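Please take me through this structure one selection at a time. I have it open in a viewer and would like to know what to click on next and what is there.

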Amino acid sequence: MAARIVVALACIVVIIRLSEAAMYKVGDSAGWTTIANVDYKLWASTKTFHIGDTVLFEYNPQFHNVMRVTHAMYRSCNNSNPISTFTTGNDSVTLTNHGHHFFFCGVPGHCQAGQKLDLNVINPTSSRPLSDPPISSDSSSPSSPPSTTTIPAAGVPGPSPSHAASLPNSAVAVVAALVSCLFANFAY
Ligand SMILES: *[C@@H]1O[C@H](CO)[C@@H](O)[C@H](O)[C@H]1NC(C)=O
Ligand SMILES: *[C@@H]1O[C@H](CO)[C@@H](O)[C@H](O)[C@H]1NC(C)=O
Ligand SMILES: [Cu+2]
């Protein structure tokens with residue numbers, strides 16, 4: 001019984017960690033610029049973006065800006081009709097839905113020069129199960145039966161993806177993960 005309570009507490013700790021949003025500075029120390037020849041595609045490919053994470057664009061507002069645009073506008077570097085424009089030089093954008101998010105600098109020529117960013121925010125219902133079970137099995141004692149580690153993987157995909165996707169942040173995914181984690185430890 002005590003071991004199960006420890007496992008349950010470990011579940012809660014793991015889930016709280018997962019629900020913490022990350023902040024990524026675009027371009028790392030170079031920031032949002034054309035002069036450092038940052039490969040923003042490469043930069044984005046080294047990160048895994050989740051709903052609730054924030055990206056920070058840091059730049060000199062005399063020379064650059066940030067426009068969020070559609071895929072078509074992104075491909076053609078067309079800045080005539082952005083979804084939103086940021087101009088402070090220290091702009092943070094919170095990622096509230098999954099899928100691709102397209103940005104570029106709206107100053108003429110900068111998008112063409114590579115100052116453009118395509119972020120892919122992964123779908124919470126397909127990403128969470130991969131990270132939950134290994135961490136919770138690590139923190140459980142050797143006395144836990146091996147079947148404990150397989151049940152959460154099967155239980156997590158339960159919540160309806162459309163329901164989870166319609167909410168503003170990852171609250172539903174976190175609650176679902178918590179419920180399935182606890183269920184896996186107590187329900188047999
Ligand atoms: C840019 O997009 C607008 C529509 O938002 C379109 O009217 C315009 O022709 C486009 N410009 C170029 C150069 O493709
Ligand atoms: C930029 O904004 C972030 C949060 O959005 C803040 O933590 C940081 O201190 C700001 N930096 C500057 C130079 O204002
Ligand atoms: Cu620019």
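Is Lys25 buried, partly exposed or exposed? Select Lys25 to begin; the model it belongs to is a predicted one. Lys25 has 16 other C-beta atoms within 10 Å. A residue needs 20 or more to be buried and 12 or fewer to be exposed, so Lys25 is partly exposed.

**Around Lys25**

Lys25 is part of strand 1. Show its contacts, leaving out neighbours within four places in sequence: Leu56 and Glu58 appear. Now add Ser92 to the selection. Lys25 and Ser92 are 67 residues apart in sequence, yet their C-alpha atoms are 8.8 Å apart in space.

**The whole chain**

Zoom out and colour by secondary structure. The chain has seven helices and seven strands. Reading from the N terminus, the order of elements is α-β-α-β-β-α-β-β-β-β-α-α-α-α. The chain has 188 residues, and 28% of them count as buried. Take the contacts between residues at least 6 apart in sequence: 76% of them join residues at least 24 apart.

**Strand 2 and its partners**

Select residues 54-58, which form strand 2, and show the side chains. Which of them point to the buried face? Val55 and Phe57 point to one face and are buried. Thr54, Leu56 and Glu58 point to the other face and are not buried.

Next add residues 23-25, which are strand 1. Strand 1 and strand 2 run parallel and are joined by three bridges. One pair to look for is Tyr24 with its bridge partner Val55 in strand 2. Add helix 2, residues 40-45, to the selection. Together with strand 1 and strand 2, helix 2 makes a β-α-β unit, and this unit is right-handed.

Now hide helix 2 and show strand 5, residues 90-94. How do strand 2 and strand 5 run, parallel or antiparallel? They are antiparallel, with five bridges between them. Within this pairing, Phe57 stands opposite Asp91 of strand 5.

**The nonpolar core**

Keep Phe57 selected and add Trp32, Val66 and Phe104. These four touch the most other members of the largest nonpolar core, which has 18 residues. Strand 2, strand 3 (66-69), strand 6 (99-104) and strand 7 (116-121) each supply at least two residues of this core. Strand 3 gives the most, with three residues.

Centre the view on Trp32. Not counting residues up to four places away in sequence, Trp32 touches Val26, Gly27, Phe57, Glu58, Tyr59, His64, Val66, Cys105 and Gln115. Phe57 and Val66 are thus among the residues that Trp32 touches.

**Two loops with a positive phi**

Go to Asp28, in the loop between strand 1 and helix 2. Its phi is near 50°, a positive value in a residue that is not glycine. Is Asp28 buried or exposed? Asp28 has 11 other C-beta atoms within 10 Å, so Asp28 is exposed.

Move on to Cys77, in the loop between helix 3 (71-76) and strand 4 (84-86). Cys77 is not a glycine either, and its phi is positive at about 55°. Cys77 counts as partly exposed because 18 other C-beta atoms lie within 10 Å.

**Asn78 and ligand 1**

Click on Asn78, which also lies in the loop between helix 3 and strand 4. With 15 other C-beta atoms within 10 Å, Asn78 is partly exposed. Add Gly106: its C-alpha atom is 8.4 Å from that of Asn78, and the two residues are 28 apart along the chain.

Now show ligand 1. Which residues surround ligand 1? They are Ser76, Asn78, Ser80 and Asn81. The shell around ligand 1 has four polar residues, no nonpolar ones and no charged ones.

**Last stop: Thr88**

Finish at Thr88, in the loop between strand 4 and strand 5. Thr88 counts as exposed because 12 C-beta neighbours lie inside 10 Å. Select Tyr59 as well, a residue that Trp32 touches. Thr88 and Tyr59 are 29 residues apart in sequence, and their C-alpha atoms are 8.4 Å apart in space.

Terms used:
Residues numbered from 1 in each chain as written. Chains lettered and ligands numbered in written order. Predicted model: local features only at pLDDT ≥ 70, side-chain atom pairs only at ≥ 80, totals over all residues. Near = placed C-beta within 6 Å. Nonpolar A, V, L, I, M, F, W, Y, C, P; charged D, E, K, R; others polar. Helix = DSSP H or I, 4+ residues; strand = E, 2+ residues; numbered from the N terminus. Pairing = 2+ DSSP bridges. Right-handed = clockwise from strand over helix to strand, strands pointing away. Core = buried A, V, L, I, M, F, W, Y, C linked by C-beta atoms within 7 Å. Contact = placed C-beta atoms within 7 Å.
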